[in-house]
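Okay, thanks everyone for squeezing in. I'll put the model up and then walk you through a few spots in it.

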Amino acid sequence: MAIERTFSMIKPDATKRNLTGAITKMLEDAGLRVVASKRVWMSKREAEGFYAVHKERPFFGELVEGMTSGPTVVQVLEGENAILKNREIMGATNPANADEGTIRKTHALSIGENSVHGSDAPETAAQEIKYWFSDTEIVG
Ligand code: RTP
Ligand code: MG
């Protein structure tokens, strides 16, 4: 199986509740390695750019507001099948539908305050990593 990299965020609803360590531990326990990590307070422009794919959606304003409401921890995760593995550990977008033991089932508050983000495909992973990190910030 291929070693992949994916992009992950611990969103403001989670950093505000001091869950950075607890969520990172769930990722590490699942076999993913944090090869880059930094804490950022996104500007409106950064959040709108990152989530540009959703700009026509009715929840876009709320999404940008949530993502600029506090610090976010942006990370690059590495491991076997990292993209799919991270999506599995995260659980469904709406925590009400997430499986037991997933990050969202354990920690998320609602669909809007769902604690984590993870890339959904190799192309988006590459784009999203590049949006937040330079090559020298990633140490495998
Ligand atoms: P993410 O991109 O954050 O990993 O989550 P996802 O793929 O599971 O969900 P996506 O459809 O890409 O939506 C991005 C984020 O927008 C917020 N959202 N709010 N109020 C709503 O109906 C609604 N729908 C989506 C969520 O925070 C979701 O993670
Ligand atoms: Mg998504």
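Let's start with Lys 44 and Glu 48, which form a salt bridge with their closest N and O atoms 3.3 Å apart. Both of these residues sit in helix H3, four residues apart, and that's about one turn of the helix. Is Lys 44 buried or exposed? Its relative accessibility is 55%, so Lys 44 counts as exposed. Glu 48 comes in at 31%, so that one counts as partly exposed. Keep in mind that this is a predicted model.

How many salt bridges are there in the structure? There are six, and I'll show you two others. One of them is between the side chains of Glu 137 and Lys 38, at 3.2 Å from N to O. This pair links distant parts of the chain: Glu 137 is in the segment after H7, Lys 38 is in strand E2, and they're 99 residues apart. Glu 137 has a relative accessible area of 35%, so we call it partly exposed. Lys 38 is partly exposed too, with 24%.

The other one is Glu 78 with Arg 5, where the side chains meet at 2.8 Å, N to O. Again we're linking distant parts of the chain, with Glu 78 in strand E3 and Arg 5 in strand E1, 73 residues apart. What about exposure here? Glu 78 has a relative accessibility of 18%, and the cut-off for buried is under 20%, so Glu 78 counts as buried. Arg 5, at 34%, is partly exposed.

Those strands bring me to the sheet. In what order do its strands run? It's an open sheet of four strands, ordered E2-E3-E1-E4, and the pairing is antiparallel. E2 and E4, which covers 116–118, are the edge strands, each pairing on one side only. Ignoring direction, neighbouring strands in this sheet are turned by 20 degrees against each other on average.

Going across it pair by pair, E2, residues 33–40, pairs with E3 over seven bridges in the antiparallel sense. Our salt-bridge residue Lys 38 shows up again here, standing opposite Val 74 in E3. Then E3 is joined to E1, residues 3–10, by eight bridges, also antiparallel. As an example from that pairing, Glu 4 has Gly 79 in E3 as its bridge partner. And E1 is joined to E4 by three bridges, antiparallel once more. There, Ser 8 has Gly 118 as its partner in E4.

How covered is E3? Strand E3 runs over residues 72–80, and eight of its nine residues are buried, so to speak mostly under cover.

Now for the residue that some of you will have been waiting for. Which residue does UniProt list as "active site"? The UniProt entry, which is unreviewed, gives His 117. His 117 is found in strand E4, one of the edge strands we just went through. It's not sitting out in the open, though: at 11% relative accessibility, His 117 counts as buried.

And what is His 117 in contact with, once you leave aside its neighbours within four places in sequence? The list includes Phe 7, Ser 8, Met 9 and Lys 11, then Phe 50 and Tyr 51, and also Asn 86, Met 90, Arg 104 and Glu 128. Ser 8 you've already met as the bridge partner of Gly 118.

Phe 50 takes us to the last topic, the aromatics. The structure holds five aromatic pairs. One of them is Phe 50 with Trp 132, a tilted pair with 6.3 Å centre to centre and 45 degrees between the planes. Why is that pair worth a look? Phe 50 lies in helix H3, residues 44–50, and Trp 132 lies in helix H7, residues 122–132, so the pair ties together parts that are 82 residues apart in sequence. Both Phe 50 and Trp 132 are buried.

Trp 132 also pairs with Tyr 131, this time edge-to-face, at 5.2 Å centre to centre with 70 degrees between the planes. How do those two compare on accessibility? Trp 132 has a relative accessible area of 6%, so it's buried, whereas Tyr 131, at 37%, counts as partly exposed.

Put the ring pairs together and you get a cluster of Phe 7, Phe 50, Tyr 51, Tyr 131 and Trp 132. Of those, Phe 7, Phe 50 and Tyr 51 are among the contacts of His 117.

Note on methods. Residues numbered from 1 in each chain as written. Chains lettered and ligands numbered in written order. Predicted model: local features only at pLDDT ≥ 70, side-chain atom pairs only at ≥ 80, totals over all residues. Heavy atoms only, no water. Buried < 20%, exposed > 50% of the residue type's maximum accessible area, 1.4 Å probe, protein only. Helix = DSSP H or I, 4+ residues; strand = E, 2+ residues; numbered from the N terminus. Pairing = 2+ DSSP bridges. Axes fitted to C-alpha atoms, helices over the stretch in contact; angles between N-to-C directions. UniProt positions renumbered as here; feature names shortened; annotations may be inferred. Contact = heavy atoms within 4.5 Å. Phe/Tyr/Trp six-rings, centres within 6.5 Å; stacked < 30°, edge-to-face > 60°. Salt bridge = Lys/Arg side-chain N within 4 Å of Asp/Glu carboxyl O.
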